[in-house]
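Student: I am new to this structure and would like a close look at the pairing of its charged side chains. Please carry on from there to the neighbouring topics you find helpful.

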Amino acid sequence: MTRKHGKRIDKDHYFMNIAIEVSRRSTCTRRHIGAIIVSDVGQIKSTGYNGNPRGLPHCEEIGCIRDKLGIPSGTRLETCTAVHAEQNALIQAGTDSRGSTLYSTIVPCPICARMILNAQIARVVYIDDYSDLAGIELLKQAGIPIAKMDKKDFADKLDG
């Protein structure tokens with residue numbers, strides 16, 4: 001049997017496409033981020049996207065505090081009340097994330113990287129860079145395999 005639409009995509013592209021779709025739920029006005037955690041046997045354990053915690057108004061409703069204060073990307077992260085996509089995915093997966101791969105549409109920030117390490121994620125795959133690459137350095141220092149996918153493979157699906 002031949003495929004009508006070309007060859008089968010690999011697992012990294014398959015799961016990253018899902019992370020991109022998850023990012024569409026984001027309520028951040030600056031950047032839509034999606035993350036998923038996938039077990040070593042290919043089972044999706046959880047998903048997450050960036051936005052304010054449950055019970056708080058979302059930035060798409062009230063505006064972005066970081067924009068209002070002129071805070072550049074990658075600085076003063078504590079000013080924003082949003083929970084990062086990676087954090088939401090880790091919270092939802094709990095201990096089921098141990099030994100899994102985390103797919104994120106962006107490189108994890110240093111805070112997320114520390115959480116990834118403590119959750120014992122085995123591998124991180126991402127597409128886009130972040131203004132602060134200290135998170136990647138932490139993951140490398142801990143020996144976590146990291147793969148950056150080519151943004152061009154997803155150009156028609158990504159915001160911006």
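**Charged pairs and their surroundings**

Tutor: Let's begin with Lys-151 and Asp-128, whose side chains form a salt bridge with an N to O distance of 3.2 Å. The term salt bridge is used here for a side-chain nitrogen of Lys or Arg within 4 Å of a carboxyl oxygen of Asp or Glu. This pair brings together distant parts of the chain, 23 residues apart: Lys-151 sits in the segment after strand S5 (146-148), and Asp-128 in strand S4 (residues 123-128). Helices (H or I, at least four residues) and strands (E, at least two) are DSSP runs, numbered from the N terminus.

Before going on, please keep in mind that this is a predicted model, in which local features need pLDDT of at least 70 and side-chain atom pairs count only at pLDDT 80 or more, while totals for chains, interfaces and linings use all residues. Residues are numbered from 1 along each chain as its sequence is written, and side-chain values use heavy atoms, with hydrogens and water left out.

How open are the two partners? Asp-128 is buried because its relative accessibility is 18%, whereas Lys-151, at 35%, is partly exposed. Here buried means under 20% relative accessible area, exposed means over 50%, and partly exposed is in between (1.4 Å probe, protein chains only).

A second pair involves Lys-148 and Asp-129, with their closest N and O atoms 2.9 Å apart. Lys-148 belongs to strand S5 and Asp-129 to the loop between S4 and helix H6 (134-141), so this salt bridge ties together parts that lie 19 residues apart in sequence. Both are partly exposed: Lys-148 has a relative accessibility of 47%, and Asp-129 has 31%. There is also a network, in which salt bridges with shared partners join Arg-31, Asp-128 and Lys-151.

Another pair to find is Arg-30 with Asp-67, a salt bridge of 2.8 Å from N to O. Its two ends are 37 residues apart and lie in distant parts of the chain, with Arg-30 in the loop between helix H1 (11-23) and strand S1 (34-38) and Asp-67 in helix H3 (residues 65-69). Arg-30 is partly exposed at 33% relative accessible area, and so is Asp-67 at 46%. In total the count is 7 salt bridges. As general background, side chains of opposite charge can pair when their charged atoms come close.

The loop that holds Arg-30 also holds Ile-33. Ile-33 is buried, because its relative accessibility is 9%. Apart from neighbours within four places in sequence, the contacts of Ile-33 include Ser-23, Tyr-49, Asn-50, Ala-85 and Ile-106; contact means heavy atoms within 4.5 Å. From Ile-33 to Leu-77, C-alpha to C-alpha, the distance is 15 Å, with their positions 44 residues apart in sequence.

Now to the empty space. The largest pocket has a volume of about 480 Å³. It is lined by 24 residues, and those closest to its centre are Cys-28, Asn-50, Leu-77, His-84 and Tyr-130. On a 1 Å grid over the protein atoms alone, a pocket is an open set of points where a 1.4 Å probe fits, with protein on both sides within 12 Å along at least five of seven lines, and lining residues have an atom within 4 Å of a point. Grid points are joined across faces, edges and corners, and the volume is the space filled by probe spheres set on the points. Helix H4 supplies the largest share of this lining, 3 residues.

Finally, look at helix H5 (residues 110-118), where the buried residues are Pro-110, Cys-112, Ala-113 and Ile-116. These residues are on the same side of H5, because they cover an arc of only 155° around the axis, the arc being that of the directions from the helix axis to the C-beta atoms. Among the elements covering them are H4, S3, S4 and H6. Just after H5, Gln-120 has a positive phi of about 65°. For contrast with those buried residues, find Thr-95 in the loop between helix H4 (85-93) and strand S3 (101-106): Thr-95 is exposed, with a relative accessible area of 60%.
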